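Student: I have a structure open and would like to walk through it with you, slowly please.
Tutor: Gladly, let us look at it together.

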Amino acid sequence: MKEKYLLHCPGCGRPFPDRYTLDCPSGCDALLQTVYAERRLILRDLPGIFRYSEWLPIEGHLRLDAGPVSYKSAGLARELGLSNLTITFSGYWPERGGRMETCSFKELEAQPTVLRLREKGAGVLQVSSAGNTGRAFCQVSGLTGAPVVVVVPASAAARLWTTVESPNVCLITVDGDYSDSIAFGREVCSLPGIVPEGGAKNVARRDGMGTVMLDGALFADRLPDCYFQAVGSGTGAIAAWEAAGRLVADGRFGSRLPTLHLSQNLPFVPMVRAWEAGRREIVPEIDMPDAEASIARVSADVLTNRHPPWGIRGGVRDALAASGGRMYAVENDEARSAGRLFAAAEEIDLDPAAAVAVASLVRAAEEGFIGPDEHILLNVTGGGYERAAEDLDRYPVEPFIRVAAGTAFDGDVREAVSAWIGEQEAIVRA
Ligand SMILES: *Cc1c(COP(=O)(O)O)cnc(C)c1O
Ligand SMILES: [Zn+2]
């Protein structure tokens with residue numbers, strides 16, 4: 001194998017070169033995986049996430065210094081009676097080297113995705129997101145000049161801000177719910193030159209998020225016994241499992257996959273229900289009844305994905321099963337008090353989703369699901385908003401077009417987006 005990496009389909013077993021490929025060319029219902037020629041984790045002398053670029057599906061790097069940071073917990077570990085708790089933090093926390101200025105681990109996804117797309121010459125990226133993902137892509141667009149089309153519900157537009165100006169973002173707001181904006185985003189991708197980000201199918205997204213596991217294991221000099229994370233799509237958890245598999249193959253970090261401890265926020269917990277029922281399918285009537293009302297009641301709405309890659313081959317269920325994992329359904333109160341405990345013990349504020357993961361760790365410690373001396377990796381997927389608001393500039397991303405739900409993507413709207421892409425292509429060529 002001369003290439004740095006190939007894509008591999010766990011459905012049919014075929015390997016093939018990457019052309020920003022999101023699906024198996026033979027049509028398998030499976031998540032493609034990267035297989036790197038280099039079996040050992042070799043670090044590069046580069047800032048942020050690009051330290052791990054040997055195991056990212058990219059050739060070059062970006063001049064950005066945002067990456068995960070790991071440290072050994074003293075405060076929270078003492079509270080919970082744990083002797084080996086590693087925290088891997090993704091967010092803004094300058095004292096610890098945390099430089100993700102939009103405050104979530106979605107920046108780990110956005111950086112390699114933007115670079116992979118550029119290297120493959122695949123076109124302009126389209127992202128549909130109601131929150132942290134959209135913000136992360138706007139930020140990386142602002143930092144690199146990469147053009148991005150972001151489609152969000154109008155009600156979520158206020159969450160799209162950056163800490164640098166982002167003139168190459170085309171923000172489309174849809175007067176409707178999240179599903180309406182996803183549907184509109186799909187239509188936007190019918191324009192030539194626009195490529196969907198791809199969600200869990202995007203190997204750059206997963207390998208970017210997998211750097212949390214790499215960073216935590218490198219810091220502790222071994223694979224953790226247990227890994228804790230709050231899940232919405234579950235992409236981060238699949239990524240952790242895949243990264244752990246690479247570390248096992250490396251041979252220097254241990255031979256056992258960490259047990260995944262994954263959490264969702266009540267009352268919207270489809271993956272917890274499907275896991276407890278031992279099902280490969282999520283059945284909407286059973287696993288997420290009254291979805292809309294439930295979604296409106298959770299404290300961490302980034303955890304409310306209705307179509308997670310659960311039963312697909314190489315998906316969340318396979319990751320849980322392979323590691324003998326466990327799932328937790330966390331109440332809002334439990335998450336809030338865990339968030340307060342964390343802020344007092346570790347001295348940084350958390351994203352509400354990260355507070356859900358902390359709550360699951362508290363419960364696991366109390367109920368003896370983990371031992372006091374086990375090596376634990378807590379993925380703090382977001383935080384530092386209060387610090388970021390004090391220290392950094394904040395630029396709201398202004399909508400380029402606003403459409404009603406169900407608007408067809410034709411006529412003036414199509415013309416306008418098409419013209420915008422034309423301008424961006426001219427900028428890229430210049
Ligand atoms: C997106 C997100 C999650 C969940 O990650 P998935 O990969 O969608 O499961 C957890 N925490 C924060 C802060 C997030 O932004
Ligand atoms: Zn296949």
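Tutor: We will go through a metal site, the sheets, the cores and a few backbone details, bearing in mind that this is a predicted model.

Student: Let's start with the metal. What coordinates the zinc ion (ligand 2)?
Tutor: The zinc ion (ligand 2) is held by four cysteine sulfurs, namely the SG atoms of Cys9, Cys12, Cys24 and Cys28, at 2.3 to 2.4 Å. Along the chain, these donors follow the spacing C-x2-C-x11-C-x3-C.

Student: And what arrangement do the four donor atoms make around the zinc ion (ligand 2)?
Tutor: The arrangement is tetrahedral, because the angles that the four donor atoms subtend run from 108 to 111 degrees. As a point of reference, the ideal angle for four tetrahedral donors is 109.5 degrees.

Student: Is cysteine 9 buried or exposed?
Tutor: Cysteine 9 counts as buried, because its relative accessibility is 0% and the cut-off for buried is under 20%. Cysteine 12, which also binds the zinc ion (ligand 2), is partly exposed, with a relative accessible area of 37%.

Student: OK, on to the sheets. What is the strand order in the open sheet of six strands?
Tutor: The order is β4-β5-β16-β13-β14-β15, and the pairing is mixed. The edges are β4 (69-72) and β15 (326-330), and each has a single partner strand, so one side of each is left without a neighbour in the sheet. From one strand to the next, the twist averages 20 degrees.

Student: In which sense do β13 and β16 pair?
Tutor: Strand β13 (residues 226-230) and strand β16 (residues 375-380) pair in the parallel sense, over three bridges. If you would like one pair to find on screen, take tyrosine 227, whose bridge partner in β16 is leucine 377.

Student: Which helix lies across β14 and β15?
Tutor: That is helix α11 (residues 316-323), which runs at about 135 degrees to β14 (259-265).

Student: What about the open sheet of five strands, which strands stand at its edges?
Tutor: The order of that sheet is β12-β8-β9-β11-β18, with parallel pairing. The edge strands are β12 (194-196) and β18 (401-404), and since each has a single partner strand, one side of each is left without a neighbour in the sheet. Here the twist averages 25 degrees from one strand to the next.

Student: How many bridges join β8 to β9?
Tutor: Four bridges join β8 to strand β9 (residues 148-153), and the two run parallel. Valine 127, for example, has valine 150 as its bridge partner in β9. Helix α3 (residues 132-144) lies across β8, β9 and β11 (169-175), and the helix runs at about 155 degrees to β9.

Student: I clicked on glutamine 126. Where is it found?
Tutor: Glutamine 126 is found in strand β8 (residues 124-128). Glutamine 126 counts as buried because its relative accessibility is 5%. Not counting residues up to four places away in sequence, glutamine 126 touches several residues, including Val149, Val151, Cys189 and Ile194.

Student: Now the inside. How many residues are in the largest nonpolar core?
Tutor: There are 62 residues in that core, and those with the most contacts inside it are Met213, Leu247, Leu262, Trp310 and Met327. Helix α7 (residues 235-250) gives the largest share, eight residues. Apart from this core lies another, of 36 residues, among them Leu80, Ala230, Tyr328 and Phe342.

Student: Which residues is methionine 213 in contact with?
Tutor: Leaving aside neighbours within four places in sequence, methionine 213 is in contact with Leu223, Tyr227, Leu247 and Leu377, among others. In general, nonpolar side chains tend to be buried together in soluble globular proteins.

Student: Last topic, the backbone. Which residues does the cis peptide bond join?
Tutor: The cis peptide bond joins leucine 266 and proline 267, with omega of about 5 degrees. Proline 267 is found in the loop between β14 and α8 (270-276).

Student: And where is aspartate 221 found?
Tutor: Aspartate 221 is found in the loop between α6 (211-220) and β13. Although aspartate 221 is not a glycine, its phi is positive, about 65 degrees. Aspartate 221 counts as exposed because its relative accessibility is 56%. Aspartate 290, in the loop between α9 (284-287) and α10 (291-297), also has a positive phi, near 50 degrees. At 62% relative accessibility, aspartate 290 counts as exposed.

Key
Residues are numbered from 1 along each chain as its sequence is written. Chains are lettered from A and ligands numbered from 1 in the order in which they are written. This is a predicted model: local features need pLDDT of at least 70, side-chain atom pairs count only at pLDDT 80 or more; totals for chains, interfaces and linings use all residues. Side-chain values use heavy atoms; hydrogens and water are left out. A nonpolar core is a set of buried Ala, Val, Leu, Ile, Met, Phe, Trp, Tyr and Cys residues joined through side-chain atoms within 4.5 Å. Buried means under 20% relative accessible area, exposed over 50%, partly exposed in between (1.4 Å probe, protein chains only). Contact means heavy atoms within 4.5 Å. Donors are N, O and S atoms within 2.8 Å of the metal (3.2 Å for Na, K and Ca); water is not among the atoms, so sites may look incomplete. Four donors count as tetrahedral if all angles lie between 85 and 135 degrees; four count as square planar and six as octahedral if opposite donors are over 155 degrees apart and all others between 65 and 115; anything else is irregular. Two strands pair if DSSP finds at least two bridges between them. Axes are lines fitted to C-alpha atoms, for helices over the stretch in contact, and angles run from 0 to 180 degrees between N-to-C directions.
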